[in-house]
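The exercises below concern how two parts of one chain are arranged and how they meet. Work through each task with the structure in view before reading its solution.

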Amino acid sequence: MKKILVTGSRGQIGSELVRKLRETYGASNIIATDIRKMDDDHKEGPFEVVDVTDSDRLFTVAKEHNVDTIMHLAALLSATAEAMPKVAWDLNMGGLINALEVARELDLQFFTPSSIGAFGPSTPKDNTPQDTLQRPTTMYGVNKVAGELLCDYYYSRYGVDTRGVRYPGLISHVTPPGGGTTDYAVEIYYEAVKNKAYTSYIGEGTSMDMMYMPDALNAIIQLMEADPGKLEHRNAFNISAIAAAPEDFGKAIQKYIPEFKLSYEVDPIRQTIAESWPNSIDSSAAAKEWGFKVEYDLDKMTKEMLDRLTEKNK
Ligand code: AKB
């Protein structure tokens, strides 16, 4: 990985990933792209407007910048995909196959994230294994399973060096997520700092996997730098740091803001999605094959989130 093109660079993962990659590999070697115009976050290095459903534009930008890697992040998240299934199919699958084609034609290394959304109600719920039943009931899940298989196919059929992880809900104080089912776990921190109260749209007792953004970004770099000979799974590695329900976040926040109040107003659509996903997943294949490990547990993440958001609010 010497010159990397990132799609969806203004999204929740992309905005922080570009910064981290620029620190690691040099600002001029990271080509940030997004369907939206450049913002202040991307000024330190090259930026191009790219709609990933436009395969010619994606190919031209990758070729012009002579990249050796694509990190393909542009996608709609679960709740938005459920509200607009056909749009989600066109963007999530159309964008992915275009990016894979560019990787095939230009012989690039390739990363794209899958998600815990690739699991469904018939998947074992606790400590969900790496290889298991995947019959998701959401459009997002259908896209993610198809995407995992497509990446495997491009590797076995064309030898494209595809790699990926199944992300849990990602928590960060930098760029807020949009349209996900796990977004409550970010909102709760913003509201705790601002109003000392939060009304959760996910019900009490609904556990899902979560991870703090610095761990999520380290995982991408570690996987992409890993010895390919050691990768048995290659795409769609289960990775997780924290398995928690809203009340677990509530208690973690109350340690630092004792007056914090958590209440519930459940959104039936996002609740149904959440209930179809695992309570917790098993990351042991990622640990064994490329040394995946995390630095942040719920308490350490909570302290840092609250400190950073308090500073931002001053
Ligand atoms: C979502 O909630 O849609 C995402 C995800 C877990 O993939 N955060």
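**Exercise 1.** In this predicted model, determine how many Å separate the centres of domain 1 and domain 2, and state which residues belong to each.

*Solution.* Begin with the domain assignment, which gives domain 1 as 4-168 + 213-238 and domain 2 as 170-210 + 241-279 + 295-312. Taking the centres over C-alpha atoms, one then finds a separation of 25 Å between domain 1 and domain 2.

**Exercise 2.** Describe the extent of the interface between domain 1 and domain 2, and say which residues of domain 1 lose the most area.

*Solution.* Counting contacts within 4.5 Å, one obtains 30 residues of domain 1 touching 23 residues of domain 2. The buried area between domain 1 and domain 2 comes to about 2200 Å², with carbon and sulfur atoms giving 58% of it. On the side of domain 1, the residues that lose the most area to domain 2 are Gln-12, Lys-125 and Pro-168, which together make up 27% of what that side buries.

**Exercise 3.** Characterise the polar side of this interface, and name the helices of domain 1 that each supply at least two residues to it.

*Solution.* The search for salt bridges across the interface of domain 1 and domain 2 yields 0, whereas 14 residue pairs, both at pLDDT 80 or more, are in polar contact between domain 1 and domain 2. Helix H1 (12-25), helix H3 (78-83) and helix H7 (213-225) each supply at least two residues of the side of domain 1 that touches domain 2. By residue class, that side of domain 1 divides into 12 nonpolar, 11 polar and 7 charged residues.

Conventions
Residues numbered from 1 in each chain as written. Predicted model: local features only at pLDDT ≥ 70, side-chain atom pairs only at ≥ 80, totals over all residues. Heavy atoms only, no water. Domains from an automatic or database assignment. Buried area = accessible area lost by both parts, 1.4 Å probe. Salt bridge = Lys/Arg side-chain N within 4 Å of Asp/Glu carboxyl O. Polar contact = N/O pair within 3.5 Å; in protein donor to acceptor, adjacent residues only side chain to side chain. Helix = DSSP H or I, 4+ residues; strand = E, 2+ residues; numbered from the N terminus. Nonpolar A, V, L, I, M, F, W, Y, C, P; charged D, E, K, R; others polar.
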